[in-house]
Amino acid sequence: MKHIPEIELKSKEEIKSFQETKLQELLQYLQQHSPFYQQHFAKHGIAIASVKKLEDLTQIPVTTKDDLQQFNWNFLCVPKSKIVEFASTSGTLGKPVTIPLTDNDLHRLAYNECISFACADGTSDDLYQLMLTLDRQFMAGIAYYEGIRKLGAGLVRVGPGLPAMQWETIQRLQPTTLVAVPSFIVKLIEYARQNGIDPNMSSVKKAICIGEGLRNEAFNLNVIGKRITDAWDIKLYSTYASTEMQTAFTECSQGIGGHHHPELLILEVLDEQGMPVKPGEAGEVTITTLGVEAMPLLRYKTGDIAVAYTGPCACGRTTQRLGPVLGRKQQLIKLKGTTIYPPGVFELLNDMSSIRDYVVEASTGELGTDELKLHIVVSEDMKDEIRQRLSTVFQSRLRVVPEIYFATPQELEKLQFGKIDRKIRKFIDNR
């Protein structure tokens with residue numbers, strides 16, 4: 001197969017026309033097979049025949065995570081007998097949602113990740129080390145696995161955690177590429193330093209970074225990205241996806257946003273009223289899935305805030321690109337009148353190498369206002385200095401100072417990993 005699909009090299013006009021054809025096919029499919037959207041169209045008086053252009057999508061009210069949580073199985077478009085895989089969301093913003101997949105959906109998922117890894121300079125000569133779970137209904141795990149296989153590359157399923165095992169595998173099997181959370185790569189570097197391992201003498205040349213931001217709004221590496229590349233001369237690629245969209249936005253070598261796959265997804269960036277923002281403005285990432293059989297979504301607001309870019313890319317793709325996620329709408333914190341998103345807090349904490357690990361917790365105070373608490377792990381002799389530095393940095397950068405709590409590694413581990421969590425929790429919202 002071609003690893004750059006032909007549609008992704010077409011003109012913007014040709015891509016738009018292609019998507020409009022696919023949109024009309026999707027609307028017909030939903031009208032025939034989706035109990036939720038049948039009711040949605042009837043309730044809002046939507047005549048799907050009048051939705052012909054992408055601009056016409058604004059006639060249709062958006063779908064939200066609340067809809068998906070409340071009416072999960074009403075979104076199903078196939079008999080349950082056709083479902084071959086059950087995935088679920090992580091439940092970061094509430095009750096987990098089940099996303100079933102048919103055999104066709106699994107093939108689509110593999111195609112998505114194959115062209116996404118190829119976008120990140122992957123080839124059949126690569127050997128990928130997967131530092132993530134493939135169980136617990138985690139769609140990303142099965143997506144990466146199937147996508148790498150479709151690419152024709154090799155893979156090693158090591159799973160998350162255990163730096164000693166990760167390094168033993170790197171030294172024994174010589175992978176070229178890691179698939180991992182950026183903060184865990186930092187832990188790998190720290191383990192290497194403590195155990196006399198030179199990362200730059202390893203076989204690893206690049207890393208696909210998942211689950212955490214890697215760049216700032218100017219597309220420069222953020223603190224955690226710089227910490228990795230300062231110690232390890234590897235190429236970093238950021239990727240963004242969600243279980244619901246069953247599609248990824250992955251950077252090419254230019255590092256200026258994750259490329260959109262127009263054959264798999266219609267992308268909108270919307271304001272509070274469900275209307276497109278002006279070019280270059282941040283808004284809520286809103287997706288319409290194309291080619292999904294079991295549980296397709298129409299104008300689904302993801303809750304993630306980002307900017308879409310339409311300028312040319314040197315890689316040759318003419319598709320839109322999605323910039324770094326600036327925050328999640330539901331995770332917005334109003335602390336003493338100041339608006340904060342968790343990634344901004346993470347950036348400040350990541351900038352202090354003396355902080356070994358952390359969890360940020362939001363809660364509601366006695367007066368009904370937002371409160372913020374930092375659970376951090378530092379050495380005993382650094383506590384006073386870190387408290388002072390944190391107070392100074394937060395006051396100067398964000399104009400507010402959260403509550404600071406020095407946790408033990410054991411206490412932090414309990415916060416980071418719940419009984420069914422498959423990802424490290426850096427932010428806990430108890431509001």
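Trainee: Before we look at Gln129, what does buried mean here?

Mentor: A residue is called buried if its relative accessible area is under 20%, and please keep in mind that the model we are looking at is predicted.

Trainee: Okay, so is Gln129 buried or exposed?

Mentor: Gln129 has a relative accessible area of 0%, and because buried means under 20%, Gln129 counts as buried.

Trainee: Where does Gln129 sit, and which residues is Gln129 in contact with?

Mentor: Gln129 belongs to strand 3, which covers residues 127–130. If we leave aside its neighbours within four places in sequence, the contacts of Gln129 include Val156, Val158, Gln166, Thr169 and Ile170, and Pro175, Thr177, Leu178 and Val179 are also among them. In addition, the C-alpha atoms of Gln129 and Ala207 are separated by 9.4 Å, although these two residues are 78 residues apart along the chain.

Trainee: Switching to rings, how many aromatic pairs are there in the whole structure?

Mentor: A search of the whole structure finds 12 aromatic pairs. One of these is formed by Phe36 and Phe75, whose rings are stacked, at 4.1 Å centre to centre and with 20° between the planes.

Trainee: Which parts does that pair tie together?

Mentor: Phe36 lies in helix 2 (residues 35–43), while Phe75 lies in the loop between helix 3 (65–70) and strand 1 (83–88), so the pair ties together parts that are 39 residues apart in sequence. Phe36 counts as buried at 8% relative accessibility, and Phe75 counts as buried at 0%.

Trainee: And what about Phe346 and Tyr358, why is that pair called tilted?

Mentor: Their ring centres are 5.9 Å apart and their planes stand at 40°, so the pair is tilted, given that planes under 30 degrees apart count as stacked and those over 60 as edge-to-face. Phe346 is in helix 9 (residues 342–350) and Tyr358 is in strand 18 (residues 357–364), and both residues are buried.

Trainee: What sits over the ring of Tyr358?

Mentor: The charged end of Lys426 does, 4.4 Å from the centre of the Tyr358 ring. Elsewhere, Lys373 lies over the face of Tyr405, at 4.9 Å from the ring centre.

Trainee: Last topic: at what angle do helix 7 and helix 8 pack?

Mentor: Helix 7 (residues 182–194) and helix 8 (residues 223–231) pack at an angle of about 35°, with their axes 9 Å apart, and their crossing is left-handed. The contact is made by Pro182, Ser183, Ile185, Val186 and Ile189 of helix 7 together with Ile224, Arg227, Ile228 and Ala231 of helix 8, and these residues divide into 7 nonpolar, 1 polar and 1 charged.

Conventions
Residues are numbered from 1 along each chain as its sequence is written. This is a predicted model: local features need pLDDT of at least 70, side-chain atom pairs count only at pLDDT 80 or more; totals for chains, interfaces and linings use all residues. Side-chain values use heavy atoms; hydrogens and water are left out. Axes are lines fitted to C-alpha atoms, for helices over the stretch in contact, and angles run from 0 to 180 degrees between N-to-C directions. Helices (H or I, at least four residues) and strands (E, at least two) are DSSP runs, numbered from the N terminus. A crossing is left-handed if the near helix is turned anticlockwise from the far one by less than a right angle, and right-handed if clockwise. Contact means heavy atoms within 4.5 Å. Ala, Val, Leu, Ile, Met, Phe, Trp, Tyr, Cys and Pro count as nonpolar, Asp, Glu, Lys and Arg as charged, and the others, Gly among them, as polar. Rings of Phe, Tyr and Trp (its six-membered ring) pair if their centres lie within 6.5 Å; planes under 30 degrees apart count as stacked, over 60 as edge-to-face and the rest as tilted. Buried means under 20% relative accessible area, exposed over 50%, partly exposed in between (1.4 Å probe, protein chains only). A charge sits over a ring if NZ of Lys or CZ of Arg is within 6 Å of the ring centre and within 35 degrees of the ring normal.
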